[in-house]
Amino acid sequence: MTEGPSTARPKPGADSASLAARDAAHLWHPYTQMLTRPEPLPIVRGEGVYLFAEDGRRFLDGTSSWWVNIHGHSHPKLNAALAAQAGEIEHVIFANCTHRPGVELAERLVEVLPRGLTRIFYSDNGSTAVEVAMKMASQYWSNQGQPRRTFIALHHAYHGDTVGAMSASEVSLFTKPFAPMLFDVVRAHAPYCYRCPLGLERASCGIACLGAEARPPAVSPGSWLATLGAQLEQHRGDVAAVLVEPMLQGAGGMIVWPSEFLGGVRKLCDAHGVLMIADEVLTGFGRTGRLFACEHASVAPDILCMSKAVTGGYMALGVTAASERIYDAFLSEDRAHTFFHGHSFTGNPLACALAVASLELIHETGAVEKVRRIEGWLRRGLEPLASHHAVGEVRIIGGVGIVELVSDRTTKSAGGYLDALGPMLTRKFLERGLLLRPLGNIVYAMPPYVITEEQTDWLTAQIRQVIDEVLGP
Ligand SMILES: Cc1ncc(COP(=O)(O)O)c(C=O)c1O
């Protein structure tokens, strides 16, 4: 045997290199410029609101690990539910078969969802929950022999990274490279009151962005056309659905709505005979201080999308709930009317069992009431920033505290998602043991619901101090 250069790779974990160094050799991370990224945090353990790194450093998980975690990391009840389900059945095809956790989850969701949402369809994540909703809405109309092509979505929307979800999302840095793949949607104004697209003041606007009433005199014709009422009128008879992120538009800028806008969307959809889809992937399961954000305006959409916190942040699961009216439109002797959508892991029993256990925990721990207490702590800690020279607006809803930074308070100019401020602030927070991920100039905290008052005070103090340190007091 001749000796040559060894091509054998070390066995995973067998060498002494750090996780970060081994990561650099083979991995490609989401939303990460791999050439210039800082070293990733090598996390080896989680407990409650904390994450622990390989070298022993501790970080407070200030964004609930991309908005999914609600009961804290490595929760004993959820750990036990996962192990128990793995001992029974880990996965089985959901086209031919059914199983206890899948059925139980559907029953429990129907009990707590806004009224009338009685049919549950499973998929894998938030983007697929939205994709399913849009396909359901489209086929709902075509099964009745009235195909409709138009979806109306809002400016600043973010609905996910699959093709349908990206098409419905705002045209942005995230979607531009894929423009040739995307389909057109009609886009209406969002109620971004700090940067009102109609140039109005919230106190007197009458939610003109709905365009439901007579045209307000201050609104220019161009702006008027992008109001929801005008869009519905213009595309009468061809709109399959209006798609919204109720009360809180997330990745598009953490925009908090007046609840009147949400109620108005439902009324306009009813008046125009159009379906309403609520994307509650971010807002579902208590994040805004209600179990579902639609409750802020007592609204029941025709279709509602869930993911993220549905399993308490443990497993990937998408859920799309629909009304009986939607479901009925797919019942036919004609098999071509079947809803042709599914994934290998549709209805995964492990994910469903965790979702059932997480719903139990939400009730046992009074999680929604807890989020309302967190809201008060976030207000107390962040609202003093409203007078800071670099802060345009502070917005709080439920367990989400948002600080919009600007370079000029008069013109409200700001750097947007690629603002170098984002990575700089992230670094400063990490030095203090806080894991946050600002959306450019939008700094926000969205911790797991198990955070204590003391931990919340610490978190908001870090945000105040880092803003002072980086931008001056
Ligand atoms: C409102 C909303 N919809 C959909 C998605 C997509 O979910 P996922 O990342 O699980 O595909 C997100 C993700 O942030 C979201 O915030």
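**Surface, pockets and a few loop residues**

The protein exposes about 21,400 Å², and carbon and sulfur atoms supply 55% of that area. It's worth saying right away that this is a predicted model. Of the 473 residues of the protein, 53% count as buried. The C-alpha atoms fill a box of roughly 75 × 60 × 55 Å, taken along the principal axes. A compact globule with 473 residues would have a radius of gyration near 23 Å, and the protein has 23 Å, so the two agree.

As for what the chain is built from, there are 15 helices and 16 strands. Contacts across the sequence come next. Among the contacts in the protein with a separation of 6 or more, 69% join residues 24 or more positions apart.

Now for the open spaces. The largest pocket has a volume of about 1,800 Å³. Its lining takes in 41 residues, and P30, Y31, T32, P38 and R437 lie nearest the centre. Two elements, α2 (64-67) and α14 (421-431), give two or more residues to that lining. Of these, α14 gives the most, with six residues. Sorted by class, the lining of the largest pocket has 23 nonpolar residues, along with nine polar and nine charged ones.

The second largest pocket comes in at about 890 Å³. It is lined by 30 residues, and the closest to its centre are F94, I120, F121, Y327 and F339. Here the elements that give two or more residues are α4 (100-112), β4 (117-123) and α11 (324-328). The strand β4 gives the most to this lining, with five residues. By class, the lining of the second largest pocket divides into 16 nonpolar, eleven polar and three charged residues.

Closed-off space is another matter. The count comes to one cavity of 30 Å³ or more. About 100 Å³ of space lies in the largest cavity, and 15 residues line it. Nearest the centre of this cavity are P191, C193, C196, C205 and C209. Its lining is made up of 13 nonpolar residues and two charged ones, with no polar residues.

A few single residues in loops round out the picture. K308 is found in the loop between β11 (303-306) and β12 (318-323). At 22% relative accessibility, K308 counts as partly exposed, because that class starts where buried stops, and buried means under 20%. K308 and S65 are 243 residues apart in sequence, yet their C-alpha atoms are 9.7 Å apart in space. Leaving aside neighbours within four places in sequence, K308 is in contact with W66, W67 and V68. The other contacts of K308 on this count are V281, L282, G313 and L317.

A293 tells another story. This residue sits in the loop between β10 (275-279) and β11. With a relative accessible area of 0%, A293 is buried. The C-alpha atoms of A293 and L282 are separated by 9.5 Å, and the two residues are eleven apart along the chain. Not counting residues up to four places away in sequence, A293 touches P246, M247 and L262, as well as E280, T283 and T288. L282 also turns up among the contacts of K308.

Backbone angles bring in two further loop residues. Most residues other than glycine have a negative phi. S74 is not a glycine, but it has a positive phi of about 50°. S74 is found in the loop between α2 and α3 (76-86), and with a relative accessible area of 43% it is partly exposed. H156 isn't a glycine either, and its phi is positive at about 70°. H156 is found in the loop between β5 (150-154) and α6 (163-168). At 26% relative accessibility, H156 counts as partly exposed.

How values were computed: Residues numbered from 1 in each chain as written. Predicted model: local features only at pLDDT ≥ 70, side-chain atom pairs only at ≥ 80, totals over all residues. Heavy atoms only, no water. 1 Å grid on protein atoms, 1.4 Å probe; cavity = no way out; pocket = protein on both sides within 12 Å on 5 of 7 lines; lining within 4 Å. Points joined across faces, edges and corners; volume = space filled by probe spheres on them. Nonpolar A, V, L, I, M, F, W, Y, C, P; charged D, E, K, R; others polar. Helix = DSSP H or I, 4+ residues; strand = E, 2+ residues; numbered from the N terminus. Rg over C-alpha atoms; globule rule 2.2 N^0.38 Å. Buried < 20%, exposed > 50% of the residue type's maximum accessible area, 1.4 Å probe, protein only. Contact = heavy atoms within 4.5 Å. Areas by Shrake-Rupley, 256 points an atom, 1.4 Å probe, with all protein chains shown as cover.
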